[in-house]
Amino acid sequence: MAVIGIVSDQFTSEIRQEQFRYVNEASIAVTNTSEMERSLFQSLIFLNGIRESIAAEGGYENVQEFPAAVELSERFEKELETFESSVKKLRGYLDEGEELPENLNDLLKSYEVYKSISKEWLSLSGENPAQANQMFINSIEPYFRNNIIPEVAELRKSVLTIQEQQNARLDRSLERAATINYIATFLSVLFSVVLAIYIYRSIANPISKVSTSAKKLGEGNLEERIRVSSKDEIGELADAFNNMAVGLQKSTVSKAYLDNILESIHEALFVVDKDGILVRTNTAAAELVGYPMEEMLGEPVERFYDLKEMGEIYERLRESNSSFEFSLVHKNGNSLSVLFSEAKLYDNQGNYVGTVSVASDISDRKKAEQEIRNSLREKEVMLAEIHHRVKNNLAVISGLLQLQSFSTENPEVEKALTDSQMRIQSIALVHEMLYESESLAYIEYDKYINDLLQAIRSMHLDGNKNISVTSDVVPLELSVNQAIPCSLLVNELVVNAYKHGFKGNGDGNIHVQISEQNDQINIQVSNNRQGIEMEGFEKENSLAISLIRTLAKQLHGAFTIEDQPSDKGLIFMVQFAREN
């Protein structure tokens, strides 16, 4: 047995050391990856802060002259340094134990591009704020969203894969240790069998006599004596039992001893006779209900039970042999929440003589649960308010873009501002639906899409064209993570159909169909007039086309274009999997 213990301890120690090492390495990898992601996002926030401070102050020839921008520029540089330091630490960890993932190099290449264009943007911000603002919106922020964010996510997956490989190695170590323990257990069982045979032959018979006599003593036959004449340990045990029997004949278990046992119980105890009168209790029960113990004894136990409010529950669950929530009545009239159980008592002849009940005070637990529920309601209200404020802020931005479009005489600028306004409205509608919805994570997309199409139609009304928009959308819900890119995607497809799907004047129709099958969302946008050709559309390299492809990729979906069977117009199709 000593050898088995030593072997088990040795393997347990080795496995524990491996566990500590794997946990430490996993912590290093996750910490550095999270720090890289945090510093990248923080750097973009600082760049945006520089852009907003320049737009708010203005009138300087150099970005270093902007009081607010100087500090943000320094913090931006520190975040880049933090990112590079985290990369160095992650490289050191991966160089020691694992092969460097390829997506780490991809992230670093994208980071260098992001760093370069950010530096160039900083130098341009003071000289030409308007051009710098346009560069940030059209270059830096989209590049960060479309390149940096996906590559950081891929790196995180690679680090988790490395951790899974380490866990697999640990599992193999555990299996090896388990095999050794199985072998050791088998040897131990074999040894025990041999030892049992020896014990049976040498001392089993005397022990059997001791056991039989002890059983009779336990049943109350205090006249029983153990007849063992040997002078070894078994003989000494027999003498001890005989002396105990003599002592029991002279005395019985005292009431004080029983009282001490009952008083040592921390739960409230109620012993009731068959007529419902309280015949025994303990200090814990007296303190719980606020009565002196002497005043409680002899009273109907229902005086201390809240049967007015909990009577139905008590009658239904009292014989269920399980604990349930119940209420006691305090001396001051207050109700006390307890975890309650009750069992019947029978005498030696099997006759029912009463019940014994045990109650544990759970008032603090109930109070904590209520506080948690209140806190949850507060957070739900706060989250709804955040969606409401985001919607309002987006509405302000949309209004500013509209005012700017009214003040410009350049048709291209007005078109770009109008398109941006529509994109912002599509996002604002998502937050409005979330604010009005009972769920703050999902929206009823079939209701939302009709509002979006109405907003697009009102934005693109043309007196020379009578273009109607129809929709066929099955009832479905989308998470906010999918609703926003999906809304932008539908916005771009419908707006593109408005602009390019109809030649000349006349009537036309844009049809939006959204269906779901096997958790696959299918979106089709088509028009019934000949507009741009498929080949021309696929070669188009505008912002709208780039957004359509990028948004489809963000949804992990497929974007395809087909000609109408009647050779009129195109059918734009996007398919992606629902996020559970």
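**Buried, bridged, packed: how the labels are earned**

Student: Why is Arg-578 called buried?

Tutor: This is a predicted model, and each value is computed from it. Arg-578 has a relative accessible area of 19%. Buried means under 20%. Arg-578 therefore counts as buried.

Student: How do you know that Glu-516 and Arg-578 form a salt bridge?

Tutor: Check the closest N and O atoms: they are 2.7 Å apart. The limit is 4 Å, so the pair qualifies.

Student: What parts of the chain does that pair tie together?

Tutor: Glu-516 lies in strand β9, while Arg-578 is in the segment after β12. The two parts are 62 residues apart in sequence.

Student: Is Glu-516 buried, exposed or partly exposed?

Tutor: Its relative accessibility is 29%. Partly exposed lies between the 20% and 50% cut-offs, so Glu-516 is partly exposed.

Student: Which residues do salt bridges with shared partners join into one network?

Tutor: Glu-35, Arg-38 and Glu-79. Take one link: Arg-38 bridges to Glu-79, with the closest N and O atoms 3.0 Å apart. Arg-38 sits in helix α1 and Glu-79 in helix α2, 41 residues apart. The structure holds 13 salt bridges.

Student: What makes Glu-79 buried and Arg-38 partly exposed?

Tutor: Glu-79 has a relative accessible area of 11%, and buried means under 20%. Arg-38 stands at 35%, between the two cut-offs. Hence the two labels.

Student: Why do Arg-365 and Glu-325 count as a salt bridge?

Tutor: Their closest N and O atoms are 3.3 Å apart, and up to 4 Å is allowed. So this pair counts too. Arg-365 belongs to helix α10 and Glu-325 to strand β3, 40 residues apart. Arg-365, at 39%, is partly exposed, and Glu-325, at 35%, is partly exposed.

Student: What makes Glu-492 buried?

Tutor: Its relative accessibility is 4%, against a cut-off of 20%. Glu-492 is found in helix α13. Beyond its neighbours up to four places away, Glu-492 touches Arg-423, Ala-544, Leu-547 and Ile-548.

Student: Which residues of α15 are buried?

Tutor: Ala-544, Ile-545, Leu-547, Ile-548, Leu-551 and Ala-552. They cover an arc of only 160° around the axis, which puts them on the same side of α15.

Student: How do you know that α15 is close to its expected span?

Tutor: α15 has 12 residues and reaches 16 Å from its first C-alpha to its last. The expected span, at 1.5 Å a residue, is 16 Å. Just after α15 comes His-556, with a positive phi near 55°.

Student: Which residues have the most contacts inside the largest nonpolar core?

Tutor: Tyr-445, Ile-449, Val-494, Ile-514 and Ile-523, in a core of 39 residues. Elements including α12, β7, α13 and α15 each supply at least two residues. α13 gives the most, with 10 residues.

Student: What does Val-494 contact, aside from its neighbours within four places in sequence?

Tutor: Leu-453, Ile-456, Ile-510, Val-512 and Val-525. A second, separate core has 36 residues, among them Phe-76, Met-135, Tyr-143 and Val-159.

Student: How many residues of the protein chain count as buried?

Tutor: Of its 580 residues, 36% do. The chain has 15 helices and 12 strands.

Note on methods: Residues are numbered from 1 along each chain as its sequence is written. This is a predicted model: local features need pLDDT of at least 70, side-chain atom pairs count only at pLDDT 80 or more; totals for chains, interfaces and linings use all residues. Side-chain values use heavy atoms; hydrogens and water are left out. Helices (H or I, at least four residues) and strands (E, at least two) are DSSP runs, numbered from the N terminus. Buried means under 20% relative accessible area, exposed over 50%, partly exposed in between (1.4 Å probe, protein chains only). Contact means heavy atoms within 4.5 Å. The expected span of a helix is 1.5 Å times one less than its number of residues. The arc is that of the directions from the helix axis to the C-beta atoms. A nonpolar core is a set of buried Ala, Val, Leu, Ile, Met, Phe, Trp, Tyr and Cys residues joined through side-chain atoms within 4.5 Å. A salt bridge is a side-chain nitrogen of Lys or Arg within 4 Å of a carboxyl oxygen of Asp or Glu.
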